[in-house]
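Here is a short briefing on one protein chain. Look over the sequence and the structure before reading on.

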Amino acid sequence: MTHIVTEACISCKYTSCVEVCPVACFFEGPNMLVIDPDMCIDCGVCVGECPAGAIVTDDTEEGQKWLGLNREFSKIWPNIQFQKNPLPKADEYAKESDKYSRFFEAGG
């Protein structure tokens, strides 16, 4: 089992999760983060750090839906290990659902 970043991260990109990750398995894209599922040790410490609730396990329906995207983009995007400011209007976007199209609008 591993943890996966889901759609809830899109257009928010809170990065408090990366600060607590003991294995630096987060990678940063234009408008969201992903987790390399092969690096994640399933400690779960990142889950409670995400204000958008964007991190789930891969044994959930939502986790399975986003597993491939996390795997693919963690091989392309740069590793992130330190917290940054969230994206503008992150608090506003965190309340939205169905943000998948925003991923591609940002060049994901």
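The points below cover the core, one helix, the aromatic pairs and the salt bridges.

The model is predicted. Its largest nonpolar core has 32 residues. A search of the whole structure finds 2 aromatic pairs and 5 salt bridges.

**Nonpolar core**

- Val5, Phe26, Met32 and Ile55 have the most contacts inside the largest nonpolar core.
- Two or more residues of this core come from each of strand E1 (3-5), helix H1 (16-20), strand E2 (26-28), strand E3 (33-35), H2 and helix H3 (90-93).
- H2 gives the most, with 4 residues.
- Leaving aside neighbours within four places in sequence, Val5 is in contact with Phe26, Met32 and Ile55. The list of Val5 contacts also includes Leu33, Val34, Ile35 and Ala54.
- Val5 also touches Trp66 and Asn70, two residues that are buried in H2.

**Helix H2**

- H2 covers residues 61-74.
- At 1.5 Å a residue, its 14 residues should span 20 Å. The end C-alpha atoms of H2 are 20 Å apart, so the expected span agrees.
- H2 nevertheless bends by about 40 degrees at Leu67.
- Leu67 is itself buried, as are Gly63, Trp66, Leu69, Asn70, Phe73 and Ser74 in H2.
- An α-helix has 3.6 residues a turn, so residues three or four places apart point the same way.
- Arg71, also in helix H2, is partly exposed at 34% relative accessibility.

**Aromatic pairs**

- Trp66 and Tyr100 have ring centres 5.5 Å apart and planes at 75 degrees. The pair is edge-to-face because that angle is over 60 degrees.
- Trp66 lies in helix H2 and Tyr100 in helix H4 (residues 100-105), so this pair ties together parts 34 residues apart in sequence.
- The two partners differ in burial: Trp66 is buried at 1% relative accessibility, whereas Tyr100 is partly exposed at 41%.
- Phe73 and Trp77 have ring centres 4.9 Å apart and planes at 40 degrees, so they form a tilted pair.
- Phe73 and Trp77 are both buried.

**Salt bridges**

- Lys13 forms a salt bridge with Glu28, with the closest N and O atoms 3.0 Å apart.
- Lys13 sits in the loop between E1 and H1, and Glu28 in strand E2. The pair links distant parts of the chain, 15 residues apart.
- Lys13 and Glu28 are both buried.
- Lys75 forms a salt bridge with Asp36, again with the closest N and O atoms 3.0 Å apart.
- Lys75 is in the loop between H2 and H3, and Asp36 in the loop between E3 and strand E4 (55-57). These two residues are 39 residues apart.
- Asp36 has 5% relative accessibility, so it counts as buried.
- Asp38 and Arg71 meet in a salt bridge at 3.4 Å, N to O.
- Asp38 lies in the loop between E3 and E4, 33 residues from Arg71 in helix H2.
- Asp38 is exposed, with a relative accessible area of 54%.
- Which residues do shared partners join into one network? Asp36, Asp38, Arg71 and Lys75 are joined in this way by salt bridges.

How values were computed
Residues are numbered from 1 along each chain as its sequence is written. This is a predicted model: local features need pLDDT of at least 70, side-chain atom pairs count only at pLDDT 80 or more; totals for chains, interfaces and linings use all residues. Side-chain values use heavy atoms; hydrogens and water are left out. Rings of Phe, Tyr and Trp (its six-membered ring) pair if their centres lie within 6.5 Å; planes under 30 degrees apart count as stacked, over 60 as edge-to-face and the rest as tilted. Buried means under 20% relative accessible area, exposed over 50%, partly exposed in between (1.4 Å probe, protein chains only). A nonpolar core is a set of buried Ala, Val, Leu, Ile, Met, Phe, Trp, Tyr and Cys residues joined through side-chain atoms within 4.5 Å. Contact means heavy atoms within 4.5 Å. The expected span of a helix is 1.5 Å times one less than its number of residues. The bend at a residue is the angle between axes fitted to the seven residues ending there and the seven starting there. A salt bridge is a side-chain nitrogen of Lys or Arg within 4 Å of a carboxyl oxygen of Asp or Glu.
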